[in-house]
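The following exercises concern one protein model. Please inspect the sequence and the structure before working through the solutions.

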Amino acid sequence: MKGDRVEIVVDAGDTTRTYEVIATRAGRRVETAVRRGVVEVSEVTRSGSVVRTARFMATRVLALVEQPVPRDQPDEGAPA
């Protein structure tokens with residue numbers, strides 16, 4: 001969903017670097033995968049086409065934070 005984002009904190013030797021992958025348009029989502037020692041964070045369309053991908057060595061990733069857009073919750077008293 002537009003606005004979903006994943007924040008990646010990477011060890012860059014003497015410092016850390018922070019990267020963000022954000023779903024930039026309506027209908028797109030952000031997916032994460034860990035394969036063969038590589039962390040991949042991709043922005044994907046509704047049909048499954050990858051728009052862009054960020055790849056990091058898994059041994060260098062310090063934190064991977066998924067931050068979904070807050071979804072509106074229906075009131076308990078209101079009909080759904």
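**Exercise 1.** Which residues does Asp 4 touch, not counting residues up to four places away in sequence?

*Solution.* The model is predicted: local features need pLDDT of at least 70, side-chain atom pairs count only at pLDDT 80 or more, and totals for chains, interfaces and linings use all residues. Residues are numbered from 1 along each chain as its sequence is written, and side-chain values use heavy atoms, with hydrogens and water left out.

Step 1. Locate Asp 4 in the segment before S1; strands, like S1, are DSSP runs of E with at least two residues, numbered from the N terminus.

Step 2. Apply the contact criterion, heavy atoms within 4.5 Å. With residues up to four places away in sequence set aside, Asp 4 touches Val 21, Ile 22, Ala 23, Val 30, Gln 67, Pro 68, Val 69 and Arg 71.

Step 3. Classify Asp 4 by relative accessible area (buried under 20%, exposed over 50%, partly exposed in between; 1.4 Å probe, protein chains only). At 13%, Asp 4 is buried.

**Exercise 2.** Determine the strand order of the open sheet and identify its edges.

*Solution.* Step 1. Two strands pair if DSSP finds at least two bridges between them. The three strands are ordered S2-S1-S6, with antiparallel pairing.

Step 2. S2 (16–22) and S6 (61–67) each have a single partner strand and stand at the edges, so one side of each lacks a neighbour in the sheet.

Step 3. Seven bridges join S1 (residues 5–11) to S2; Ile 8, for instance, has Tyr 19 in S2 as its bridge partner.

**Exercise 3.** Describe the largest nonpolar core.

*Solution.* Step 1. Such a core is a set of buried Ala, Val, Leu, Ile, Met, Phe, Trp, Tyr and Cys residues joined through side-chain atoms within 4.5 Å. The largest has 11 residues, including Val 6, Ile 8, Val 30 and Phe 56.

Step 2. At least two core residues come from each of S1, S4 (38–44) and S5 (50–57). S1 gives the most, with three.

**Exercise 4.** Characterise the aromatic pairing.

*Solution.* Step 1. Rings of Phe, Tyr and Trp (its six-membered ring) pair if their centres lie within 6.5 Å; planes under 30 degrees apart count as stacked, over 60 as edge-to-face and the rest as tilted. The whole structure yields one aromatic pair.

Step 2. Tyr 19 and Phe 56 form this tilted pair, 5.3 Å centre to centre with 40° between the planes. Tyr 19 lies in S2 and Phe 56 in S5, so the pair ties together parts 37 residues apart in sequence.

Step 3. Tyr 19 is partly exposed at 36% relative accessibility, whereas Phe 56 is buried at 12%.

Definitions and conventions: Helix = DSSP H or I, 4+ residues; strand = E, 2+ residues; numbered from the N terminus.
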